[in-house]
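Work through the exercises below with the sequence and the 3D structure open. Try each task before reading its solution.

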Amino acid sequence: MDFGPHLILATLEGAITAAVISLTAVGLSIVFGIMRIVNVAHGEFFMLGAIIAWWVATAVGGHPAVGFVVAILVAPATVGVIAAATDWLVLRRITYDPERTIVATIGLLYIIQQATLMTFGPDARPVEPPFNRRLAIPWVEFGDGGLSLVWPWGLGTTSYKLAVIVAAVVILTALWLVMKRTRLGLIMRATQLDSEMAMAFGIPVTRVYAVVFGLGAGLAALGAVLIVPVQQAHYLMGGDPLLLSFIAVIIGGLGSLPGTLVAAVLIGLSDGIISVFFSPTLAKILATLLVAFVLVFRPEGLFGRRKT
Amino acid sequence: MLDNRSRTGHLPGTMTRRRAIGTLAAVGSLPLAARFAQAQSSEPIRIGFQVHRTGIGAAYGRWYDRTTEAAARRINDAGGINGRPVEIIAEDDGTDPKRGAEVVEKFATQHNCDIAFGTLFSHVVIGSAPRAGELKIPYFVVSEGHHVASGILNRYTLQPGITDVKSQVEAMGPYVAENLGKKVTMIFPDFAFGHDHRDYFSASIERQGGTVVEKIAIPPTETAFTKYFPRIPQDTEVVYHVMVGPAVLTFVKELGEFFGPSSPEIFGFIDSLEAVDITSPGLEFLEGSYFWEGYPRYAQADQTEYDKAYRAAVGVDDNGAALSDSKDVSTYAHMFGCWETLNIVKAGMEASGYAGPDDRAALIEAVEAMTDLPHSLDHPQGAKVFNGRTHQVFGHQYISRVNEGRLDVVHTTSIEDTLYEDETDYTAQAF
């Protein structure tokens with residue numbers, strides 16, 4: 001394949017990865033920023049979103065679009081409620097102590113994964129996309145008769161893949177508006193700045209924590225519902241998103257939402273482009289190397305604030 | 001002990017309710033005991049079954065399990081082996097080589113199994129076989145990889161129920177070159193099994209005057225595939241694909257989306273679609289493409305009595321799906337290997353007069369002595385020839401074309417097409 005069309009295809013594939021990582025990483029970042037805890041089970045909430053989407057879509061039946069629409073409403077909400085319940089049941093009992101939280105969420109990771117294995121089973125199951133048309137992409141070529149449009153072999157995407165990118169942008173914009181313009185956002189930001197002072201002003205901090213933990217998990221689940229018609233629901237699918245989200249959160253600056261977003265797009269696009277032109281293994285190596293460099297030279301992350 | 005008995009009223013002659021039930025149970029189980037009564041010991045023959053219950057091989061594991069249970073049931077219904085019932089002891093290997101070796105060890109030391117048997121994924125076999133050799137427990141694999149016949153394993157590891165990748169692809173080369181094209185791009189999973197495809201198919205197509213223009217290796221745990229496809233050169237005449245793992249449906253779907261309406265010829269190993277319904281949405285582009293099948297998934301027009309009886313025994317319908325659930329598609333091209341291997345084990349144990357673990361070496365020698373395995377209900381996939389020196393069986397291969405959403409066989413290779421020179425002689429190794 002020629003370089004130009006090749007690059008377009010690589011960028012498109014990268015953009016889809018970026019869209020999904022953005023949602024997942026922003027979920028992880030919100031939880032870290034506001035609650036100051038590391039949620040190791042984040043990838044399993046992602047997986048749970050995909051699994052519930054399969055269940056809902058299968059139960060609803062009918063036209064794939066109907067099942068998908070119900071799934072995209074029900075799955076993130078259900079995962080959010082499960083996460084909020086976990087917060088109330090586990091994390092609050094250990095007073096959000098950072099070390100104990102890590103151990104607790106590792107335990108949670110195994111519980112969710114094994115519970116899925118025991119109920120959903122070990123198979124990968126597909127969810128049908130609401131719509132899926134192959135879109136061939138034209139390319140400009142300078143030939144004998146001057147500039148002409150050609151349709152290179154293999155250069156194409158699907159309408160659904162483009163919709164995933166658009167949906168991620170819409171969701172992230174909505175999240176930004178919620179954080180900046182609503183009372184809920186104000187309360188969350190206040191809790192992030194100084195939880196003790198927020199409590200003194202009558203903000204129910206424990207309830208905010210439950211909502212935030214649910215919201216973070218719900219965002220991961222939303223990312224999974226978007227990607228599950230492209231990939232498939234499988235009980236081991238939470239590993240990669242967890243790793244990539246962690247990388248994005250560390251590079252972007254722990255707790256910084258714009259930083260996480262920029263890093264997620266960077267990781268997603270570079271993963272797509274490097275995988276296409278070189279190898280997927282090299283893409284992972286470079287992303288991990290970037291994390292190492294950031295940790296050495298800018299431990300607070302690209303957008304993080306240095307502690308004074 | 002005696003005191004204890006007298007306290008609970010179990011002295012001879014006193015009939016308690018519990019004793020009555022015990023007696024009844026003994027009477028009830030008499031037919032079973034009587035069926036195996038001619039044996040010196042009616043202790044069951046314990047077969048340790050290493051199975052991919054979880055991990056990336058789970059779909060194969062589910063069907064290997066069903067086929068193995070069906071084969072054991074048939075053997076037991078016919079009187080067992082040497083008059084002893086067969087007991088299958090299944091352990092999950094997680095499709096993981098390290099766990100695989102531990103499972104083999106459990107069979108030998110904890111479960112007191114007579115033999116170990118079962119697993120598919122080549123990396124698990126390669127990881128487990130050395131342990132089987134150390135523990136001197138016969139290890140009958142149903143794995144397809146060339147690792148047995150290549151000589152890298154040991155005398156305790158045998159593959160008598162399923163043909164190996166090298167023989168399969170050697171027989172495919174001529175058909176692909178003659179009917180589909182000579183410039184081939186190969187897409188394969190990046191581990192031992194895929195490397196067998198890469199090496200032996202390349203060699204086979206080159207002997208036919210063809211070339212492999214690009215080799216694309218994909219990690220078996222990958223979930224997104226479009227990014228690999230731009231490496232397919234424009235002058236490719238045939239795309240040769242073989243993929244494994246939970247994401248095979250995504251793989252084939254994205255292959256279709258990549259090519260759109262103008263695709264080259266497509267030749268795949270059915271591994272890319274094992275346990276997947278070929279009429280799934282997004283797979284319409286496969287119409288007219290070709291697949292290697294180890295055993296035709298769809299019942300063919302010339303279906304044999306053996307195939308009919310085998311399908312009924314394992315619970316598979318004429319489309320290769322479970323009788324109980326038409327969405328639960330089997331791994332039909334591979335799982336017959338479990339059925340046939342257990343029948344070889346039975347024949348080997350009977351020929352060697354196998355009585356217990358002390359006779360393990362004799363069992364292996366008896367299997368090594370086997371040659372022609374005729375087409376029968378013991379070998380429903382077709383006649384086979386076993387090579388005792390390389391511990392590998394050879395058999396017919398099938399090429400099917402997708403026609404109106406089902407696979408119709410268009411070519412059957414002879415056994416001679418699949419033969420190659422011996423690369424090892426396990427019989428020269430000491431036990």
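Helices (H or I, at least four residues) and strands (E, at least two) are DSSP runs, numbered from the N terminus. This is a predicted model, in which local features need pLDDT of at least 70, side-chain atom pairs count only at pLDDT 80 or more, and totals for chains, interfaces and linings use all residues. Residues are numbered from 1 along each chain as its sequence is written, chains are lettered from A and ligands numbered from 1 in the order in which they are written, and side-chain values use heavy atoms, with hydrogens and water left out.

**Exercise 1. Describe chain A as a whole.**

Step 1: Count the elements. Chain A contains 11 helices and 4 strands.

Step 2: Test the overall form. The radius of gyration is taken over C-alpha atoms, and the globule rule is 2.2 Å times the number of residues to the power 0.38. For 308 residues a compact globule would come out near 19 Å; chain A has 20 Å, which agrees.

Step 3: Look at burial. Buried means under 20% relative accessible area, exposed over 50%, and partly exposed in between (1.4 Å probe, protein chains only). In chain A, 52% of the 308 residues count as buried.

**Exercise 2. Decide how far α9(B) is enclosed.**

Step 1: Check its length. Helix α9 of chain B (residues 248-259) has 12 residues and spans 17 Å from first C-alpha to last, close to the 16 Å expected at 1.5 Å a residue. The expected span is 1.5 Å times one less than the number of residues.

Step 2: Check burial. Because 12 of the 12 residues of α9(B) are buried, this helix is largely enclosed by the rest of the structure. Among them are Lys253(B), Glu254(B) and Glu257(B).

Step 3: Look past the end. Gly260(B), just after α9(B), has a positive phi of about 65°.

**Exercise 3. Classify Lys161(A) and Leu257(A), and list what they touch.**

Step 1: Place Lys161(A). Lys161(A) sits in helix α5 (residues 159-181) of chain A, and with a relative accessible area of 5% it is buried.

Step 2: Find its contacts (heavy atoms within 4.5 Å). Beyond neighbours within four places in sequence, Lys161(A) contacts residues including Glu13(A), Glu254(B) and Glu257(B).

Step 3: Place Leu257(A). Leu257(A) belongs to helix α10 (residues 257-277) of chain A and, at 24% relative accessibility, counts as partly exposed.

Step 4: List its contacts. Leaving out residues up to four places away in sequence, Leu257(A) touches Val26(A), Ser29(A), Ile30(A) and Met179(A).
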